[in-house]
Amino acid sequence: MIMFSTRARIVGSIPDAMTWAHEIAGIVTKVSGVEVQVASRVGGHSDVLWVIRLENMAAVEKLMDQLQAAPDYDASIRQALAKGFFEPNSIEQALWRTV
């Protein structure tokens with residue numbers, strides 16, 4: 001099982017950024033059929049984390065292809081960047097193998 005995560009530090013309006021975080025999770029789920037979990041950091045910086053669980057690396061590749069072809073996904077990402085919700089240098093993605 002592969003876990004795919006994306007983390008970003010919120011620097012704009014926290015309520016607006018969290019609303020968007022759930023909206024983009026919905027877009028990813030709609031495009032891919034894969035459930036996205038959204039979590040916010042407790043204490044410290046205001047970070048948001050999106051987590052997806054996939055069967056294998058082939059499923060990760062399929063997800064990436066689906067998202068890159070989805071105009072709603074691209075438009076929403078551009079909107080979040082334009083609104084300054086997140087610190088661009090804080091955004092990181094990771095692949096995890098569950099054991």
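Here is a quick tour of the fold, its helices α1 and α2, and a pair of buried residues. Keep in mind that this is a predicted model. The chain comes to three helices and four strands, and from the N terminus on they run β-α-β-β-α-α-β. With a radius of gyration of 13 Å, close to the 13 Å that the globule rule gives for 99 residues, the chain is as compact as a globular protein of that length.

**The chain as a whole**

- Taken along the principal axes, the C-alpha atoms fill a box of roughly 35 × 35 × 20 Å.
- Buried residues account for 33% of the 99 residues.
- Take the contacts between residues at least 6 apart in sequence: 74% of them join residues at least 24 apart.
- The chain's accessible surface is about 6,200 Å², and 54% of that belongs to carbon and sulfur atoms.

**Helix α1**

- α1 has 19 residues, which at 1.5 Å a residue should span 27 Å, and its end C-alpha atoms are indeed 27 Å apart, so the two agree.
- At the start of the helix, a side-chain oxygen of Ser13 comes to within 3.3 Å of the backbone nitrogen of Asp16.
- There's a good list of buried residues in α1: Ala17, Met18, Trp20, Ala21, Ile24, Ala25, Ile27, Val28 and Ser32.
- The cover over those buried residues includes β2 (36–40), β3, α2 and α3.
- Just after α1 comes Gly33, with a positive phi of about 80°.

**Helix α2**

- α2 takes in residues 57–68; those 12 residues should span 16 Å at 1.5 Å a residue, and the end C-alpha atoms sit 17 Å apart, which agrees.
- Here too a side chain turns up at the start of the helix: an oxygen from the side chain of Asn56 reaches to within 3.1 Å of the backbone nitrogen of Ala58.
- Val60, Leu63 and Leu67 are the buried residues to look for in α2. They cover an arc of only 60° around the axis, so they lie on the same side of the helix.
- Turn to the face pointing away from that buried side and you find the exposed residues Ala58, Glu61, Lys62 and Gln68.
- Several elements help cover the buried residues of α2, including β1 (2–9), α1 (14–32), β3 (47–54), α3 (71–83) and β4 (92–97).

**Thr6, in strand β1**

- Thr6 sits in β1, and its relative accessibility is 15%, so it counts as buried, the cut-off being under 20%.
- The Thr6 side chain makes a polar contact with the side chain of Gln93, at 3.2 Å.
- Setting aside neighbours within four places in sequence, Thr6 is in contact with Val48, Leu49 and Trp50, and also with Ile91, Glu92 and Gln93.

**Ala17, in helix α1**

- Ala17 belongs to α1 and, at 0% relative accessibility, counts as buried.
- Beyond its neighbours within four places in sequence, Ala17 is in contact with Ile10, Phe85 and Phe86.
- Of those partners, Phe86 is 69 residues away from Ala17 in sequence, yet their C-alpha atoms are 7.7 Å apart in space.

Notes. Residues numbered from 1 in each chain as written. Predicted model: local features only at pLDDT ≥ 70, side-chain atom pairs only at ≥ 80, totals over all residues. Heavy atoms only, no water. Helix = DSSP H or I, 4+ residues; strand = E, 2+ residues; numbered from the N terminus. Expected span 1.5 Å × (residues − 1). Buried < 20%, exposed > 50% of the residue type's maximum accessible area, 1.4 Å probe, protein only. Arc of directions from axis to C-beta. Contact = heavy atoms within 4.5 Å. Polar contact = N/O pair within 3.5 Å; in protein donor to acceptor, adjacent residues only side chain to side chain. Rg over C-alpha atoms; globule rule 2.2 N^0.38 Å. Areas by Shrake-Rupley, 256 points an atom, 1.4 Å probe, with all protein chains shown as cover.
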